[in-house]
Amino acid sequence: MRLVVDLNRCQGYAQRVFLAPDVFALHGEEALIFTSRFDEALRDQVEQAATACPVQAILVDYSDEATKAAEGDVG
């Protein structure tokens with residue numbers, strides 16, 4: 001499982017930090033630090049944090065497959 005946070009969308013409400021403190025932290029008042037890969041034991045906390053985000057900036061990806069880059073057509 002991995003975690004993706006859209007930092008352009010994130011407004012720094014910090015609700016995720018309280019719900020999943022082993023995955024999210026604040027550096028200063030607004031800079032977000034997070035662990036992109038997390039253990040299954042933290043799944044419920046991470047899902048609650050993602051749901052609580054008022055701007056829906058958190059995506060939890062449950063696949064273990066590496067992300068494949070899209071290749072465009074040349075020509």
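**Figure 1. Val55 and its contacts.** Setting aside sequence neighbours within four places, Val55 is in contact with Arg9, Cys10, Gln11 and Tyr13. This and every view below comes from a predicted model. Val55 sits in the loop that runs between α2 (43-52) and β4 (58-61). One of its partners, Arg9, is 46 residues away along the chain, yet the two C-alpha atoms are separated by 6.8 Å. Val55 is partly exposed because its relative accessibility is 22%, and the cut-off for buried is under 20%.

**Figure 2. Two residues with positive phi, Ala14 and Gln56.** Neither view shows a glycine: Ala14 has a positive phi of about 70°, and phi of Gln56 is near 55°. Ala14 belongs to the loop between β1 and α1. Gln56 belongs to the loop between α2 and β4, which also holds Val55. Ala14 is buried, at 9% relative accessibility. Gln56 is partly exposed, at 48%.

**Figure 3. Cys10 and Cys53, two cysteines without a bond.** Why is there no bond between the sulfurs of Cys10 and Cys53? The sulfur of Cys10 has its closest cysteine sulfur in Cys53, 6.4 Å away, so the pair is too far apart for a bond. Seen from the other side, the closest cysteine sulfur to that of Cys53 is in Cys10. A disulfide would need the sulfur atoms within 2.5 Å. The count of disulfides therefore comes to zero. Both residues are buried: Cys10 has 15% relative accessibility, and Cys53 has 3%.

**Figure 4. Arg16, a buried arginine in helix α1.** Arg16 lies in helix α1. Is Arg16 buried or exposed? At 3% relative accessibility, Arg16 counts as buried. Leaving out residues up to four places away in sequence, Arg16 touches Cys10, Phe24, Leu32, Ala49, Cys53 and Ile58. Two of these partners, Cys10 and Cys53, are the cysteines of the previous view. Another partner, Ala49, is a buried residue of α2.

**Figure 5. Helix α2 and its buried face.** Val46, Ala49 and Ala50 are the buried residues shown in α2. Looking down the helix axis, the buried residues fall within an arc of 100°, so they line one face of α2. An α-helix has 3.6 residues a turn, so residues three or four places apart point the same way. Asp44 and Thr51 are exposed, on the face turned away from the buried side of α2. The cover over the buried residues of α2 includes β1, α1 (15-19), β2 (24-27) and β4.

**Figure 6. The largest nonpolar core.** This core has 19 residues. Which of them touch the most other members? They are Leu3, Val23, Phe24, Phe38, Val46 and Ile58. Two or more residues each come from β1 (2-5), α2 and β4. Helix α2 gives the most, with three residues. Val46 shows how parts of the chain meet here. Outside its neighbours within four places in sequence, Val46 is in contact with Leu3, Ala20, Val23, Phe38 and Val60. Three of these partners, Leu3, Val23 and Phe38, are also among the core members with the most touching members.

**Figure 7. The aromatic pair Phe24 and Phe34.** How many aromatic pairs does a search of the whole structure find? The search finds one. The ring centres of Phe24 and Phe34 are 6.5 Å apart and the planes meet at 40°, so the pair is tilted. Phe24 is in strand β2 and Phe34 in strand β3 (residues 31-34), ten residues apart, and the pair links distant parts of the chain. The two rings sit in unlike surroundings. Phe24 is buried, at 1% relative accessibility, whereas Phe34 is partly exposed, at 26%. Phe24 is also one of the residues that Arg16 touches.

**Figure 8. Asp61, a buried aspartate in strand β4.** Asp61 is found in strand β4. Asp61 has a relative accessible area of 18% and is buried; the cut-off is under 20%. Beyond its neighbours within four places in sequence, Asp61 is in contact with Met1 and Arg2. Strand β4 also helps to cover the buried residues of α2.

Technical notes:
Residues are numbered from 1 along each chain as its sequence is written. This is a predicted model: local features need pLDDT of at least 70, side-chain atom pairs count only at pLDDT 80 or more; totals for chains, interfaces and linings use all residues. Side-chain values use heavy atoms; hydrogens and water are left out. Helices (H or I, at least four residues) and strands (E, at least two) are DSSP runs, numbered from the N terminus. Buried means under 20% relative accessible area, exposed over 50%, partly exposed in between (1.4 Å probe, protein chains only). Contact means heavy atoms within 4.5 Å. A nonpolar core is a set of buried Ala, Val, Leu, Ile, Met, Phe, Trp, Tyr and Cys residues joined through side-chain atoms within 4.5 Å. The arc is that of the directions from the helix axis to the C-beta atoms. Rings of Phe, Tyr and Trp (its six-membered ring) pair if their centres lie within 6.5 Å; planes under 30 degrees apart count as stacked, over 60 as edge-to-face and the rest as tilted.
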